[in-house]
Amino acid sequence: MSFCDIIKRYPRQQVMEQIAAASGAEVERALARERITINDLPLLLSPAALPYLEQMAQKANRITKMRFGNIVQLYTPMYLSNECSNGCKYCGFNASNRIPRTTLTLEEIKHEAQLIHDYGFRSILLLTGEHPKLADNKYLVAAVEAIKPLFASISIEVYPMETAGYAQMVAAGVDGLTVYQETYDRQLYAELHPYGKKSDYDWRLQAPDRAGAAGLRRIGIGALLGLGEFASEAFYTGLHAWYLARTYWRSQVSVSFPRIRPANGGFEPLHHISDKQLAQMVCAMRLLIPDAGLFLSTRESAELRDGLMPLGITHMSAGSCTAPGGHSHKEESTEQFTIDDDRTPEQISAVIRAKGFEAVWKDWDSAFLNADVG
Amino acid sequence: MDQLIIANRPFRSRLMVGTGKFASNLEMAETIAASGAEIVTVALRRVNIDDSHDDLLNHIDRDKYLLLPNTSGARDADEAIRLARLARAAGCEPWVKLEVTPDPYYLLPDPIETLKATEVLVKDGFTVLPYINADPVLAKHLQEAGAATVMPLGAPIGTNKGIKTRDNIAIIIEQASVPVVVDAGLGAPSHAAEAMEMGADAVMVNTAISVAGDTRMMAAAFAQAVMAGRQAYLAGLGQEQHQASASSPLTGFLRD
Amino acid sequence: MDITVNGQQRTVATTTSLADLLAAMNLNPQRVAVEHNGTILSQADFATTTLGDGDKLEIVSFVGGG
């Protein structure tokens with residue numbers, strides 16, 4: 001049993017019809033429930049729910065405060081490599097793009113990590129393109145072990161691995177995984193991922209299952225917003241998170257909301273996702289899974305990030321640079337996509353405080369559990 | 001159509017009833033008919049050698065009811081496994097309401113032995129419905145072990161106290177991926193309705209019906225309460241308001 | 001020969017099958033389960049199971065329960 005079996009029970013056509021048929025009265029009934037169910041999710045993502053966005057936001061805000069308190073956790077991405085063997089049509093790292101390719105050496109990784117540590121970050125997300133030969137499991141293990149003393153929490157966003165690979169990462173000290181399905185629309189997925197290992201939809205869809213089986217403490221998913229039709233993509237993202245939270249209950253599930261940004265290669269979003277829709281999705285995820293981590297990156301503008309924060313966002317990136325080595329050499333390398341919120345971590349954390357939240361740089365320490373005792 | 005599905009088997013009724021403590025088998029049979037239940041529980045005991053008895057099963061139409069044997073009396077996993085296998089050997093379908101209750105006073109279920117027995121019985125091909133305390137983490141362990149439902153107690157069995165474990169049952173309902181059947185302690189139809197309004201998938205009742213002045217009427221009352229509670233859940237209950245009105249708007253910054 | 005049925009001593013003829021015993025006890029073989037020296041038997045085996053001296057039998061059937 002994996003998510004592949006679950007998703008089959010919710011045919012796309014049927015979900016889209018449900019969303020289209022939703023009425024305001026049904027949205028009101030769903031919002032009146034103490035806890036919404038997966039069957040309510042299409043209602044809350046429908047156009048009929050947009051007039052109720054303020055109500056959804058109030059409820060999402062209340063639930064978030066109850067579960068998490070007034071805190072936002074800060075993390076930063078660190079790109080290790082932009083080598084990639086995939087042909088994702090929307091991505092700056094696409095193998096067909098003629099850009100300078102870099103894979104950081106262990107020394108460069110340590111240097112970059114030290115800079116990030118000196119900013120105050122204790123949570124880090126390591127990213128690579130997807131080239132399991134040039135930046136492979138062994139490389140990642142070495143990178144994680146090299147920077148482990150500097151960070152309380154290390155997550156990875158890399159090519160999907162076998163369960164054994166994820167177990168290897170856990171043993172090395174990784175506690176979180178992010179893997180985006182990009183789009184849950186199988187047909188669109190095939191068009192956008194014409195070659196490379198990534199063209200295998202099911203292999204990618206089951207990556208969070210394998211991570212859960214390997215015992216990763218945090219599992220993050222997301223759809224790249226702007227590829228598929230909004231409400232159905234949001235529904236399948238919610239369904240996926242809901243399934244993972246129930247099945248791998250020892251792990252914390254999180255959802256990210258990456259909206260397509262301009263990248264090298266000039267990909268235009270296939271669907272326009274409005275700010276209101278983005279807010280609607282954030283609120284719906286919070287109402288569906290009160291305990292989910294909700295991540296918002298610097299892809300979005302400072303103003304929008306500040307506004308979305310009280311709606312249920314629990315994790316925000318800061319000081320991001322999407323090119324390998326970018327923390328050491330600003331403006332030199334080639335980015336995966338451009339960021340919008342370019343405030344410094346200090347500025348962001350000041351805004352968070354001004355909004356009545358506490359900016360948290362570290363919420364737990366894996367070293368405590370991994371320490372050799374005796 | 002709104003159906004209860006347990007181990008891929010659909011049921012129309014969300015009320016399960018027990019057959020214990022009735023004054024006669026005839027009364028029992030008429031009462032379960034009045035309840036509309038499709039799942040009825042039975043227990044297993046040594047036959048009484050000296051006494052020719054009126055066999056309970058003469059009064060239960062097996063085409064109409066799924067006979068769900070329990071393992072009452074078991075004090076540990078081994079005893080429960082033995083009882084489940086005996087029930088299957090006696091001609092029951094391999095379904096079992098797993099009860100392991102070493103504590104003779106409150107008959108509270110033993111979580112560790114229940115989990116052990118579930119693991120063994122699932123491997124042995126049983127559809128296992130474990131009776132548990134309202135412990136959300138135990139419910140997850142049982143679900144992983146392959147339990148077909150979880151049956152958390154509302155209050156100790158036979159106490160008629162209602163849903164004293166409400167907050168934990170709410171968490172189980174929120175998190176479980178198998179049906180949640182609230183069992184034990186439901187002393188009045190209003191308790192059953194409350195469980196269903198909370199989103200429980202079904203309830204199980206015995207004592208409250210079998211000791212009533214008019215057992216048939218009480219069975220019907222429970223049946224109606226279960227339907228009312230389920231409908232209220234599906235219809236969407238209005239939320240209790242803890243705040244008089246909304247605080248400052250949170251979405252004013254959104255432009256498009 | 002002597003056997004023990006549900007904890008009670010009982011004397012039966014040496015060639016008694018389990019099916020014979022159940023009939024003598026007025027029990028419907030389709031409504032009981034039998035544990036023979038600790039092993040649970042299937043109902044189909046009742047007719048072919050012969051009893052021996054000192055055998056222990058547990059015979060159970062359904063009663064009301066919650």
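Two strands count as paired if DSSP finds at least two bridges between them. Keep that in mind as we walk through this predicted model.

**Stop 1: chain C as a whole**

Select chain C and colour it by secondary structure. You should find one helix and five strands. Follow the chain along its sequence and the order reads β-β-α-β-β-β.

Now turn the chain around to get a feeling for its extent. Its C-alpha atoms fill a box of roughly 40 × 25 × 20 Å along the principal axes. Does that fit a ball or not? For 66 residues, a compact globule would have a radius of gyration near 11 Å, and chain C, with 12 Å, agrees with this.

Switch on the surface of chain C next. Its accessible area is about 3100 Å², and carbon and sulfur atoms account for 47% of that. Of the 66 residues, 47% count as buried. Among contacts between residues at least 6 apart in sequence, 53% join residues at least 24 apart.

**Stop 2: strand S3 of chain C**

Hide the surface and select residues 32-36 of chain C, which form strand S3. How many of its five residues are buried? The count is five of five, so to use a plain word, the strand is mostly covered.

Show the side chains here. C:Val32, C:Val34 and C:His36 point one way from the strand, while C:Ala33 and C:Glu35 point the other way.

**Stop 3: the neighbours of S3**

Add residues 56-64 of chain C, which make up strand S5. S3(C) and S5(C) pair in the antiparallel sense, over five bridges. To see one spot in this pairing, pick C:Val34: which residue of S5(C) stands opposite? Look for C:Ile59.

Then add residues 39-40 of chain C, strand S4. Two bridges join S4(C) to S3(C), and these strands also run antiparallel. Here C:Glu35 stands opposite C:Ile40.

Zoom in on the turn of this hairpin, where two residues lie between S3(C) and S4(C). Click on C:Asn37, which takes a positive phi near 50°.

**Stop 4: where chains A and B meet**

Leave chain C and show chains A and B together. Their contact takes 32 residues from chain A and 28 residues from chain B. Between them the two chains bury about 2400 Å², with 47% of it on carbon and sulfur atoms.

How many salt bridges cross this interface? The rule finds three. For a last close-up, select A:Arg250 and B:Glu144: their side chains meet in a salt bridge, at 3.0 Å from N to O.

Conventions: Residues are numbered from 1 along each chain as its sequence is written. Chains are lettered from A and ligands numbered from 1 in the order in which they are written. This is a predicted model: local features need pLDDT of at least 70, side-chain atom pairs count only at pLDDT 80 or more; totals for chains, interfaces and linings use all residues. Side-chain values use heavy atoms; hydrogens and water are left out. Buried means under 20% relative accessible area, exposed over 50%, partly exposed in between (1.4 Å probe, protein chains only). Helices (H or I, at least four residues) and strands (E, at least two) are DSSP runs, numbered from the N terminus. The radius of gyration is taken over C-alpha atoms; the globule rule is 2.2 Å times the number of residues to the power 0.38. Contact means heavy atoms within 4.5 Å. Accessible areas come from the Shrake-Rupley method with a 1.4 Å probe; for residues, only the protein chains shown count as cover. Buried area is the accessible area (1.4 Å probe) that two parts lose on being put together, summed over both. A salt bridge is a side-chain nitrogen of Lys or Arg within 4 Å of a carboxyl oxygen of Asp or Glu.
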